[in-house]
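This report covers metal coordination, charged side-chain pairs and cysteines in one protein model. The sequence and structure come first.

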Amino acid sequence: MSIFAAKFFLTMMPEIRAYIDEHKSRFLDELIGLLRIPSISADPKYKPDVDRTAEEVAAHLSKAGVDKVQVYSTPGHPVVYGEHILDPSLPTVLVYGHYDVQPPDPLELWTTSPFEPEIREGNIYARGAADDKGQFFMHIKAFEAMKALGALTCNIKIIIEGEEEIGSNHLELFLKDHRNMLACDVVLISDTALIANDVPSLTTGLRGMSYVEVEVTGPNRDLHSGVYGGGVANPANVLARMISSLHDDQGRVTIPGFYDKVKPVSTEERKEMNEAPFDLEEYCRDLGIEEVAGESGYTTLERTSIRPTLDVNGIWGGYIGAGAKTVLPSKAFAKISMRLVPDQDPEEITRLFTDYFISLAPSSVKVRVFPHHFGLPAVTPTDSLEYKAAELAMTDSFGKKPIPQRGGGSIPIVSLFEQILGAKTVMMGFGLDSDNIHSPNERYGLFNFYKGIETIPLYYHHYAQLKKS
Ligand code: BES
Ligand code: MN
Ligand code: MN
């Protein structure tokens with residue numbers, strides 16, 4: 001160990017830990033302030049709140065000592081960016097996160113209101129607590145501590161966007177337009193989960209995404225279901241039938257060509273991923289289900305990471321109000337997501353879906369397909385310096401080597417960081433699958449919040465050391 005490395009562990013880390021300890025209640029209060037703003041990117045009604053959140057994030061960056069902080073407007077929601085260049089000869093870490101959140105509905109299932117954060121049993125409950133406000137905020141606080149103590153070992157650039165939950169549609173152009181500004185050695189993201197608080201892990205893959213909305217139209221108006229029922233195609237019945245033919249009885253997607261570009265995963269790799277700690281009984285119990293379901297021939301861990309899927313996210317049409325109303329709807333709708341894996345191409349999959357879905361429709365209805373957003377899948381290496389630094393950082397802070405694991409979620413911009421900026425991404429997230437992200441009662445553990453703030457400086461330290469040697 002070099003003298004500097006030894007000094008870091010003997011003096012800097014204890015000082016950083018003491019700083020976190022001394023300021024921990026302020027850190028939490030500040031996070032609570034951010035969580036109070038309903039930055040729901042999907043719903044135009046919340047545009048002013050989304051904008052206000054961007055301003056707040058920018059203010060936090062400035063206050064922590066980040067330079068050149070600016071809120072950049074885009075054709076969609078704003079991007080917040082700032083940087084602190086200590087010495088151009090040091091490695092530069094680009095931190096990415098998102099300040100937008102998913103809609104909180106169904107509201108009645110929340111124990112406390114989604115935008116009135118509450119702490120219960122060591123967790124902070126609020127929409128965005130884990131995804132991703134609580135997680136990107138750890139980076140701002142870690143930076144604050146490192147800056148205040150003179151413990152920075154890398155340059156930092158930080159980009160926090162407002163459209164991740166709706167596909168990051170305008171971020172690609174932003175990256176292309178600001179290539180030089182964003183130039184970096186590694187992209188560091190905390191927007192994923194650990195296997196458990198005592199089983200640290202690093203996410204080494206994300207699924208891609210094609211998200212579409214479909215509309216099936218029958219008669220030109222809602223009809224009396226007795227007067228016309230039986231004589232006219234019911235678009236809700238037809239839609240249900242079309243959707244059910246999108247899977248076969250093996251749980252495979254029936255769209256012709258859907259699996260053509262799926263890169264096979266080696267037996268070795270499959271064996272390894274199935275050695276990760278996973279308790280199927282506990283999984284079922286937690287979800288209140290008797291049995292899991294999915295594509296035959298694959299385990300639950302495989303089904304939710306290395307296999308592509310097709311799921312209805314919402315389906316509606318006709319009367320859904322109180323009581324019963326006898327009506328034959330004119331239209332029925334569904335929102336459908338397809339999770340993709342390397343080397344499936346989201347735009348090609350969207351075309352294959354559209355052609356097939358339209359071909360399933362009887363001539364008694366009209367079908368329209370509207371693409372919402374696309375995202376490329378990503379797999380990150382485990383033999384890079386960038387990954388090794390995260391492995392060392394987590395080993396120091398958790399006392400255990402993290403397990404690499406491919407995740408099932410999507411972060412659409414990740415593959416574009418590599419394509420546009422030429423930088424590898426490291427996904428060092430501190431959430432848990434049980435955090436209820438996108439669900440009612442989203443939460444983030446205080447243990448996880450503070451553990452993240454402690455681990456991030458260790459990442460900077462190890463990355464700088466590895467780059468030097
Ligand atoms: N943070 C999640 C992605 C995630 C969660 C990855 C857990 C791995 C483990 C992210 O905010 C998210 O929800 N992304 C969306 C992207 C979509 C809207 C394009 C998703 O996966 O549904
Ligand atoms: Mn997220
Ligand atoms: Mn999310």
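## Salt bridges, metal site and cysteines

Glu282 is partly exposed, with 38% relative accessible area. The model that contains this residue is predicted. Glu282 forms a salt bridge with Arg285, and the closest N and O atoms of the two are 2.8 Å apart. Both residues belong to helix H7 (residues 280–287), where they are three residues apart, about one turn of the helix. Arg285 has a relative accessible area of 55% and counts as exposed.

In total, the structure holds 26 salt bridges. Another of them pairs Glu348 with Lys261, again with 2.8 Å between the closest N and O atoms. This pair links distant parts of the chain: Glu348 is in helix H9 (residues 346–360), while Lys261 is in the loop between helix H5 (235–244) and helix H6 (267–273), 87 residues apart. Glu348 is partly exposed at 22% relative accessibility, and Lys261 is partly exposed at 43%.

Are the partners Arg307 and Glu295 buried or exposed? Arg307 is buried, with a relative accessibility of 9%, and Glu295 is buried as well, with 6%. Their side chains meet in a salt bridge of 2.7 Å, N to O. This pair also links distant parts of the chain, with Arg307 in the loop between helix H8 (300–303) and strand E12 (309–317) and Glu295 in the loop between H7 and H8, twelve residues apart. Elsewhere, Arg26, Glu30, Lys63, Lys141 and Glu144 are joined into one network by salt bridges that share partners.

The three pairs described singly are listed below.

| Pair | N to O distance | Relative accessible area |
|---|---|---|
| Glu282 and Arg285 | 2.8 Å | Glu282 38%, Arg285 55% |
| Glu348 and Lys261 | 2.8 Å | Glu348 22%, Lys261 43% |
| Arg307 and Glu295 | 2.7 Å | Arg307 9%, Glu295 6% |

The metal site is next. Which protein atoms are donors of the manganese ion (ligand 2)? They are NE2 of His98, an OD atom of Asp131 and, listed twice, OD of Asp191, lying 1.9 to 2.3 Å from the ion. Along the chain, the donors of this manganese ion follow the spacing H-x32-D-x59-D. The site of the manganese ion (ligand 2) has six donor atoms, with angles of 58 to 164 degrees among them, and is irregular. For comparison, ideal angles for six octahedral donors are 90 or 180 degrees.

Asp131 bridges the manganese ion (ligand 2) and the manganese ion (ligand 3), and the two ions lie 3.6 Å apart. Asp131 and Asp191 link distant parts of the chain: Asp131 is in helix H3 (residues 129–148), and Asp191 is in the loop between strand E7 (186–189) and strand E8 (193–194), 60 residues apart. Asp131 and Asp191 are both buried.

The cysteines remain. How many disulfides does a search of the whole structure find? The search finds zero. For Cys154, the closest cysteine sulfur is that of Cys184; the two sulfurs are 12 Å apart, so they are too far from each other for a bond. The cut-off for a disulfide is a pair of cysteine sulfur atoms within 2.5 Å. Cys154 is buried, at 0% relative accessibility. Cys284 also counts as buried, at 10%.

Definitions and conventions. Residues are numbered from 1 along each chain as its sequence is written. Chains are lettered from A and ligands numbered from 1 in the order in which they are written. This is a predicted model: local features need pLDDT of at least 70, side-chain atom pairs count only at pLDDT 80 or more; totals for chains, interfaces and linings use all residues. Side-chain values use heavy atoms; hydrogens and water are left out. Donors are N, O and S atoms within 2.8 Å of the metal (3.2 Å for Na, K and Ca); water is not among the atoms, so sites may look incomplete. Four donors count as tetrahedral if all angles lie between 85 and 135 degrees; four count as square planar and six as octahedral if opposite donors are over 155 degrees apart and all others between 65 and 115; anything else is irregular. Helices (H or I, at least four residues) and strands (E, at least two) are DSSP runs, numbered from the N terminus. Buried means under 20% relative accessible area, exposed over 50%, partly exposed in between (1.4 Å probe, protein chains only). A salt bridge is a side-chain nitrogen of Lys or Arg within 4 Å of a carboxyl oxygen of Asp or Glu.
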